[in-house]
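Hi,

Here is the structure I promised to pass on. Have a look first, and my notes follow below.

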Amino acid sequence: EDAPGIVWAGTFDGGLNYVDTVNQKTTVYLHDSNDPNSLSHNHVASLYIDSKRNLWVGTFAGLDLFDSETNQFVHYLHDPENPNSIAPHWISNIIEDQHHHIWTSHVGGGVSRFDPVSRQFSHFRHDPANENSIASNIVASMLEDHKGNIWVATYGGGISVIHNDLT
């Protein structure tokens, strides 16, 4: 729920739904290959409203930021030529840390952290040669504890922690 009576719902192949329960109105946002400002993909796996009331949308294509003034989306998509772009694979979870970084977990791509000032991503991935790396790149969920550590729940690897001194 965004505001009283306003619900955002992501769907599998049905895009993003804005439901105004007070006025009984629904708006559906879909990917349109002819509109670069539309939703990046119709499979919406995660939603997050940050401390500034921005809506972040995790799709099978990447991360979208909804601009409520224009009803358009800003896309953050994986670019294999740019190491500062978001990690590949669909986004299973989105959180904001106490420093207002946006974190995304990926099913197959590990964890990405977006710095809204530099507008760049940094990455946390499994590295078999590094025992301090996350346990698996298939990440289901994350949360931040009171010390600023990011706890990462993975498929097949258990739970990992990204300590706040690394963030």
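What caught my eye was a set of rings: Trp 8, Tyr 18, Tyr 29, Phe 66 and Phe 73 are joined into a cluster by ring pairs. Before you go further, keep in mind that this is a predicted model.

The aromatic side of things goes beyond that cluster, as the structure holds 14 aromatic pairs. One of them is Phe 66 with Phe 73, a tilted pair with 5.0 Å from centre to centre and 50° between the planes. Phe 66 counts as buried because its relative accessibility is 7%, under the 20% cut-off. The same goes for Phe 73, which has a relative accessible area of 4% and is buried too.

Then there is the pair of Trp 103 and Phe 124, which is stacked: the centres are 5.4 Å apart and the planes make an angle of 25°. Trp 103 sits in strand S9 (residues 102-106) and Phe 124 in strand S11 (residues 120-124), so this pair ties together parts that are 21 residues apart in sequence. Both Trp 103 and Phe 124 are buried.

I also looked at Ser 38. You'll find Ser 38 in the loop between strand S3 (25-29) and strand S4 (44-49). Is Ser 38 buried or exposed? Ser 38 counts as buried, because its relative accessibility is 7%. Leaving aside residues up to four places away in sequence, Ser 38 touches Leu 30, His 31, Asp 32, Phe 73 and His 75. Phe 73 on that list is also a member of the ring cluster.

Now the overall picture. The protein chain has 14 strands and zero helices, so-called β elements from the N terminus on. Its C-alpha trace spans about 55 × 35 × 30 Å along the principal axes. The radius of gyration is 16 Å, which agrees with the value near 15 Å that a compact globule of 167 residues would have.

Buried residues make up 39% of the 167 residues. Among contacts between residues at least 6 apart in sequence, 38% join residues at least 24 apart. On the outside, the protein chain exposes about 9100 Å², and carbon and sulfur atoms supply 50% of that. As for charge, there are 7 positive and 20 negative charges, and their mean positions are 5 Å apart.

Cheers

Note on methods
Residues are numbered from 1 along each chain as its sequence is written. This is a predicted model: local features need pLDDT of at least 70, side-chain atom pairs count only at pLDDT 80 or more; totals for chains, interfaces and linings use all residues. Side-chain values use heavy atoms; hydrogens and water are left out. Rings of Phe, Tyr and Trp (its six-membered ring) pair if their centres lie within 6.5 Å; planes under 30 degrees apart count as stacked, over 60 as edge-to-face and the rest as tilted. Buried means under 20% relative accessible area, exposed over 50%, partly exposed in between (1.4 Å probe, protein chains only). Helices (H or I, at least four residues) and strands (E, at least two) are DSSP runs, numbered from the N terminus. Contact means heavy atoms within 4.5 Å. The radius of gyration is taken over C-alpha atoms; the globule rule is 2.2 Å times the number of residues to the power 0.38. Accessible areas come from the Shrake-Rupley method with a 1.4 Å probe; for residues, only the protein chains shown count as cover. Lys and Arg count as positive and Asp and Glu as negative; His and the chain ends are not counted. The place of a charge is taken as NZ of Lys, CZ of Arg, CG of Asp or CD of Glu.
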